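Please open the model in your viewer with a cartoon for the backbone and sticks at hand for side chains. The stops below say what to select at each step and what is there.

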Amino acid sequence: MVSELQAEDQTPPLRRRPIGWRRFGTRVFVGLIFLFMLSPIIFVLWLSFFSDAIPTFPPSGYTLHWYVQAWQNQAFLGGFILSLKVAAVAAVLSVTLGIAAALGIARHTFRGASLCNGVLMSPLIVPGIVAGIAIYLFYLRAENLLNMDIVGTFGGLIAAHVCLTIPWTMRLVSASIGGLDSTVEEAARNLGASGLQTFWRVTLPMLRPAIVASGLFSFIISFENLEVTLPLVGPGHTTLPIAIMQYLEFNLDPTIAAVSAVQIVLLGIVMLVTDRFVKLSQVV
């Protein structure tokens with residue numbers, strides 16, 4: 001018995017199998033792909049610290065001067081505030097209207113449902129510059145009929161951005177509705193909950209990941225949009241992408257890189273905070 005125990009004690013410990021060359025090569029290949037995809041962001045962040053007014057490689061030094069200059073530029077500051085307002089309002093409206101449209105099309109059958117779905121999803125396939133010119137011409141016709149200003153107003157810009165961002169809410173919420181467990185809603189109705197109570201306390205909480213993700217994507221798309229916004233803004237009121245485009249007409253210094261770096265960091269923080277409470281991988 002003792003000899004058997006001693007024999008068991010002498011068994012060699014288990015060793016981890018070394019990573020094969022094939023697995024190692026796959027990891028390196030995937031890492032290079034990620035590096036290639038992130039290289040534009042890395043380059044912009046690096047360029048924003050160059051001390052040279054005309055970017056050269058290697059740089060002669062590094063500085064924060066371009067961030068200070070961007071902060072002192074009233075066009076950038078005003079454009080950032082206007083873009084923030086437009087994106088926030090457009091995201092709230094597009095999520096609200098998109099949820100109603102997605103529920104109506106997914107839960108009810110009526111004549112013209114496919115046509116409504118195609119019209120609401122069409123901004124995803126129409127080029128941005130074409131959509132911007134079409135909305136501008138439509139606003140001109142509406143101004144002649146209603147005898148009121150629409151082009152260059154905050155409301156007109158919001159309406160255009162809502163049309164641009166609704167498809168993202170429709171797409172995400174419709175996909176989540178298809179994966180809902182209808183028995184949970186039926187159980188709530190059987191227990192005495194009204195239709196409104198079931199929607200508010202059961203359906204919406206189950207759709208929360210899709211709602212948060214659609215709001216996030218709608219905000220980003222509206223904040224970064226240039227093609228639709230360009231023909232619709234009024235004099236003296238420009239969004240941040242338009243302010244960047246106008247600055248690039250006469251300047252090539254790294255101030256634009258500094259502004260872009262701030263946008264990248266802010267949007268990255270928004271996505272990280274959102275993912276902290278709602279896992280975006282569940283719906284994206």
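Helices here are DSSP runs of H or I with at least four residues, numbered from the N terminus. By that assignment Ser 218 belongs to helix H10, which spans residues 208-224, and this residue will be the third stop of the tour. Please keep in mind throughout that the model is predicted.

**The whole chain**

Begin with the cartoon alone. The protein chain holds twelve helices and zero strands, so that, read from the N terminus on, its elements run α-α-α-α-α-α-α-α-α-α-α-α. If you colour by relative accessibility, 33% of the 284 residues count as buried. A contact map would show that, among contacts between residues at least 6 apart in sequence, 69% join residues at least 24 apart.

**Helices H5 and H7**

Next, select residues 113-121, which make up helix H5, together with residues 154-178, which make up helix H7. Two packed helices are described by the angle between their axes and the distance between the axes. For H5 and H7, the axes come within 8 Å and cross at roughly 125°. Angles from 115 to 145 degrees fall outside the parallel, antiparallel and perpendicular classes, and H5 and H7 are therefore oblique to each other.

Show side chains where the two helices touch: Asn 117, Leu 120 and Met 121 come from H5, while Ile 166, Pro 167, Met 170 and Arg 171 come from H7. Sorted by class, this contact has five nonpolar residues, one polar and one charged.

Now centre on Ile 166, which sits in helix H7. Is Ile 166 buried or exposed? Its relative accessibility is 12%, and because buried means under 20%, Ile 166 counts as buried. When neighbours within four places in sequence are left aside, the residues in contact with Ile 166 are Ser 94, Leu 97 and Leu 120. If you draw a C-alpha to C-alpha distance from Ile 166 to Val 95, the viewer should give 6.9 Å, although these two residues are 71 apart in sequence.

**Ser 218 in helix H10**

Move on to Ser 218 in helix H10. With a relative accessibility of 0%, Ser 218 counts as buried. Where does the side chain of Ser 218 reach? It comes to the backbone oxygen of Ser 214, at 2.7 Å. Then display the contacts of Ser 218 beyond four places in sequence, and you will find Ala 91, Ser 94, Thr 165, Trp 168 and Thr 169. Ser 94 may be familiar from the previous stop, since Ser 94 is also in contact with Ile 166.

**Aromatic pairs**

Hide everything but the aromatic side chains. A pair of aromatic rings is described by the distance of the centres and the angle of the planes. Counting rings whose centres lie within 6.5 Å, the model has eight aromatic pairs.

Select Phe 50 and Tyr 62, whose rings are 6.1 Å apart centre to centre with 70° between the planes, an edge-to-face pair. Both residues lie in the loop between helix H2 (21-47) and helix H3 (65-72), so the pair ties together parts that are twelve residues apart in sequence. Phe 50, at 0% relative accessibility, counts as buried, whereas Tyr 62 is exposed, with a relative accessible area of 53%. Adding Trp 46 to the selection shows a cluster, in which ring pairs link Trp 46, Phe 50 and Tyr 62.

The next pair to select is Phe 76 and Tyr 247, which is tilted, with 5.3 Å centre to centre and 50° between the planes. This pair links distant parts of the chain, with Phe 76 in helix H4 (residues 74-107) and Tyr 247 in helix H11 (residues 240-248), 171 residues apart. Phe 76 counts as buried at 3% relative accessibility, and Tyr 247 is buried as well, with a relative accessible area of 12%.

Stay with helix H4 and select Gln 74, which at 59% relative accessibility counts as exposed. The C-alpha atoms of Gln 74 and Ala 243 are separated by 9.7 Å, and the two residues are 169 apart along the chain.

**Asn 147**

Finally, select Asn 147, located in the loop between helix H6 (128-146) and H7. Asn 147 has a positive phi of about 55° although it is not a glycine. At 71% relative accessibility, Asn 147 counts as exposed.

Terms used:
Residues are numbered from 1 along each chain as its sequence is written. This is a predicted model: local features need pLDDT of at least 70, side-chain atom pairs count only at pLDDT 80 or more; totals for chains, interfaces and linings use all residues. Side-chain values use heavy atoms; hydrogens and water are left out. Buried means under 20% relative accessible area, exposed over 50%, partly exposed in between (1.4 Å probe, protein chains only). Contact means heavy atoms within 4.5 Å. Axes are lines fitted to C-alpha atoms, for helices over the stretch in contact, and angles run from 0 to 180 degrees between N-to-C directions. Angles under 35 degrees count as roughly parallel, over 145 as roughly antiparallel, 65 to 115 as roughly perpendicular and the rest as oblique. Ala, Val, Leu, Ile, Met, Phe, Trp, Tyr, Cys and Pro count as nonpolar, Asp, Glu, Lys and Arg as charged, and the others, Gly among them, as polar. A polar contact is a pair of N or O atoms within 3.5 Å; within protein, one must be able to donate a hydrogen and the other to accept it, and residues adjacent in sequence count only if both atoms are side-chain atoms. Rings of Phe, Tyr and Trp (its six-membered ring) pair if their centres lie within 6.5 Å; planes under 30 degrees apart count as stacked, over 60 as edge-to-face and the rest as tilted.
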